[in-house]
Amino acid sequence: MKSIKLILWLFFTCQCPAQISDFKFINFKKADSIALAYKGEGLTHLPDLSYKLTSTLNTDVERFRAIYKWVCTNIANDYSLYTKNNRKRNRFKDDTLKLKAWNTTFTKTLFKTLIKDKRTICTGYAYLLKELAQFAGLDCKIVQGYGRVSSTDIENLERPNHSWNVVKLNNKWYLCDPTWASGIPNTETNQFTFKYNDGFFLANPQLFAINHFPVEAKWSLLNADNSTLKGFLKHPIIYGQAYKHLVLHNTPKQLQQVIKKHERITFNYQLKDTIKAKDVHFIISNGFSDWIAKPTQTTIKKANLELEYYFKTIGFYDLHVYIGKDLISTYTIKVI
């Protein structure tokens, strides 16, 4: 009987995605305060920085938290560097030698900018997090893959465009994205605003998979994951604030929806915390005008949020879901 119970326990344990809730009894206040205390530290001696951030902490997850929080609150996202690299890579995509030469040149520029100015792109964030974690004795790796935001040109997404990390804690791998957690780059002015988003720290793999697709499938951390890049590119658009409010995005599964006039479309999410129905609204656009709309029906049962809506006229619409002032997700809907 004991062996059967053990097998069942192991089975259900292995089915649970590794995520921040595994450490719900850990208080990260000390780790966060250490990260703040060393704000402004330079990057010329990474072993020393790693030691300062972690030496007085007792658990691996706290040590990783201090490093992660420091990286996210001290390193700026350099959007101009990103666009320059993207432009050159597209230009040389059919010329292997020139692409290789550009990658070599850009790598030098990338790390010089990181060390000197504390500005970088996703590759630099992932590299720095890995290095600092490894100096603290933590097993942390860089994951290469595809990241999707509202501005991503999915029609021409031919190569991996994003990097993030996995870290092993208590013999389990966890996901995090220091780039997207750090703040918001202004694509018009190239200015960066630090705005830490805790949702990308030890994120739920099922939510993470909606806008992250690793080149190596094992780093999705999802059991029996058989997703494809083609399927990934059909996902809805979810935003950084979704990680603040959601545990899971359940439905709709795809960005593009086709429904009939007066047919109800359902949106279903699992919430981190309970909200009130009045906090939820849509902003809908038909290409000519935008308007605020309330769901036809809102149902909140414990941590489950279900919204329904129907359109009275045919046409093409963009529907954006908001919780309070936070933009959560976007869908395109054809009403016939």
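How many residues does helix α4 have, and how far does it reach from its first C-alpha to its last? In this predicted model, α4 runs through residues 60–74, which makes 15 residues, and the helix spans 21 Å between its end C-alphas. That sits close to the 21 Å expected at 1.5 Å a residue. As for its surroundings, 13 of the 15 residues of α4 are buried, so the helix is largely enclosed by the rest of the structure.

Helix α4 also holds a salt bridge of its own. The side chains of R63 and D60 meet there, with N and O 2.8 Å apart. The two residues are three places apart in α4, so about one helical turn separates them. The geometry suits such a pairing: an α-helix has 3.6 residues a turn, so residues three or four places apart point the same way. Are the two partners buried or partly exposed? R63 has 17% relative accessibility and counts as buried because the cut-off is under 20%, whereas D60, at 31%, is partly exposed.

Looking beyond that pair, a search of the whole structure turns up twelve salt bridges. One of them links K141 and D139, whose closest N and O atoms are 3.9 Å apart. Here K141 is partly exposed at 34% relative accessibility, and D139 is partly exposed too, at 31%.

Another salt bridge joins E308 to R264, with 3.2 Å between the closest N and O atoms. E308 belongs to strand β17 (residues 304–309), while R264 sits in the loop between β12 (256–259) and β13 (265–271), so this pair ties together parts that are 44 residues apart in sequence. On the E308 side the bridge is buried, with a relative accessible area of 16% for that residue; R264, by contrast, is partly exposed at 43%. Elsewhere, salt bridges with shared partners join D32, R65, K69 and D198 into one network.

Then there is T120, which lies in strand β2 (residues 119–120). T120 is buried, and its relative accessible area comes out at 0%. What does T120 touch, once its neighbours within four places in sequence are left aside? The contacts are I75, A76, N77, D78, L110, L114 and Y125. Of these, I75 is 45 residues away from T120 in sequence, yet the two C-alphas are 7.1 Å apart in space.

Note on methods: Residues are numbered from 1 along each chain as its sequence is written. This is a predicted model: local features need pLDDT of at least 70, side-chain atom pairs count only at pLDDT 80 or more; totals for chains, interfaces and linings use all residues. Side-chain values use heavy atoms; hydrogens and water are left out. Helices (H or I, at least four residues) and strands (E, at least two) are DSSP runs, numbered from the N terminus. The expected span of a helix is 1.5 Å times one less than its number of residues. Buried means under 20% relative accessible area, exposed over 50%, partly exposed in between (1.4 Å probe, protein chains only). A salt bridge is a side-chain nitrogen of Lys or Arg within 4 Å of a carboxyl oxygen of Asp or Glu. Contact means heavy atoms within 4.5 Å.
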